[in-house]
Amino acid sequence: MKKCSLCLLSIFCFTVGSGAVAAPLYVGVGYGNTNFDSIDLQYDSPPADVSDDQDSAVKIFFGNYLSPIFSWEIAYTDLGSYTATSPGNYDVSIDLEALSFALVTHRNLHPRWDFFAKLGIAYWGTDLNYNDF
């Protein structure tokens, strides 16, 4: 994760350093809710009981306009963490996060409203830890 953070920081510094170009930078934060219903931990066992099934999702993103209608965007999303108890007597904790890159097209509908569409890729990771009773 340190390498990804350094990569994002270097891209950000390069973008800010080239501020003479008429391509404004934008930064944003998104907030939402995530939840799980059940988790199949083993093939022949019933689903685990998810005791902590909701968490907050936070997204931090920044982008740079390439033209008045196109921009690129990089985002980090923390999708939360969850806890489940298996019928086989062990606890499982799950942490989810994603890093994404997208090309964005913008259309102004009004001076204060902007319609956009994104096409991109995401790398997501899951940390899965379990403890026996």
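# Reading the labels on a beta-rich model

Me: Threonine 34 sits in strand S1, residues 25-35. Why is threonine 34 called buried?

Reply: This is a predicted model, and the label comes from a computed value. Threonine 34 has a relative accessible area of 17%. Buried means under 20%. So 17% earns threonine 34 the label.

Me: What does the side chain of threonine 34 lie 2.9 Å from?

Reply: The backbone oxygen of leucine 79. A polar atom of the threonine 34 side chain is 2.9 Å from that oxygen.

Me: What is the label for serine 56: buried, partly exposed or exposed?

Reply: Serine 56 belongs to strand S3. Its relative accessible area is 29%. Buried stops under 20%, and exposed starts over 50%. The value lies in between, so serine 56 is partly exposed.

Me: How far is serine 56 from threonine 34, in sequence and in space?

Reply: In sequence, 22 residues separate them. In space, their C-alpha atoms are 6.1 Å apart.

Me: How do you know that S1 and S3 pair?

Reply: Count the bridges. Pairing takes at least two. S1 and S3 (residues 54-65) have 11, so they pair. The two strands run antiparallel. One pair of bridge partners is glycine 32 and alanine 57, the latter in S3.

Me: What comes after S3 in the pairing?

Reply: S3 is joined to S4 (residues 70-85) by eight bridges, again antiparallel. Valine 58 has aspartate 78 in S4 as its bridge partner. S3 and S4 form a hairpin, with four residues between them.

Me: How many bridges join S4 to S5?

Reply: There are 15, and these strands run antiparallel. Alanine 84 is partnered with valine 92 in S5.

Me: How do the side chains point along a regular strand?

Reply: In a regular strand they alternate between the two faces of the sheet.

Me: What pattern does the protein follow along the sequence?

Reply: α-β-β-β-β-β-β. That is one helix and six strands.

Me: What makes the contacts of serine 71 polar contacts?

Reply: Serine 71 is in strand S4. Its side chain meets the side chain of tyrosine 26 at 3.1 Å. It also meets the side chain of histidine 106, at 2.8 Å. The distance cut-off is 3.5 Å. Both distances are within it, and both pairs count as polar contacts.

Me: Is serine 71 buried or exposed?

Reply: Serine 71 has 1% relative accessibility. That is under 20%, so serine 71 counts as buried.

Me: Why is the meeting of glutamate 73 and lysine 118 called a salt bridge?

Reply: Their side chains come to 2.5 Å, N to O. The rule asks for a Lys or Arg nitrogen within 4 Å of an Asp or Glu carboxyl oxygen. The distance passes, so the name fits. The pair links distant parts of the chain: glutamate 73 in S4 and lysine 118 in S6, 45 residues apart. The count for the protein comes to one salt bridge.

Me: Which labels do glutamate 73 and lysine 118 get?

Reply: Glutamate 73 is at 6% relative accessibility, under 20%, so it counts as buried. Lysine 118 has 38%, between 20% and 50%, so it is partly exposed.

Me: Why is isoleucine 121 called exposed?

Reply: Isoleucine 121 lies in strand S6, residues 113-132. Its relative accessible area is 64%. Exposed means over 50%, so the label holds.

Me: Which residues form a nonpolar patch with Ile121?

Reply: Leu66, Ile69, Phe70, Phe101 and Leu103. With Ile121, they have about 590 Å² of accessible area together. A patch residue needs over 30% relative accessible area. Ile121 has 64%, so it passes that step.

Me: Which residues make up the largest nonpolar core?

Reply: Five residues: Tyr82, Tyr90, Val92, Ile94 and Leu96. Strand S5 (residues 90-110) gives the most, with four. A core takes buried residues joined through side-chain atoms within 4.5 Å.

Me: How much of the protein counts as buried?

Reply: Of its 133 residues, 23% do.

How values were computed. Residues numbered from 1 in each chain as written. Predicted model: local features only at pLDDT ≥ 70, side-chain atom pairs only at ≥ 80, totals over all residues. Heavy atoms only, no water. Patch = residues over 30% accessible without salt bridge, like charges linked within 9 Å, V, L, I, M, F, W, Y side chains within 5 Å. Areas by Shrake-Rupley, 256 points an atom, 1.4 Å probe, with all protein chains shown as cover. Buried < 20%, exposed > 50% of the residue type's maximum accessible area, 1.4 Å probe, protein only. Polar contact = N/O pair within 3.5 Å; in protein donor to acceptor, adjacent residues only side chain to side chain.
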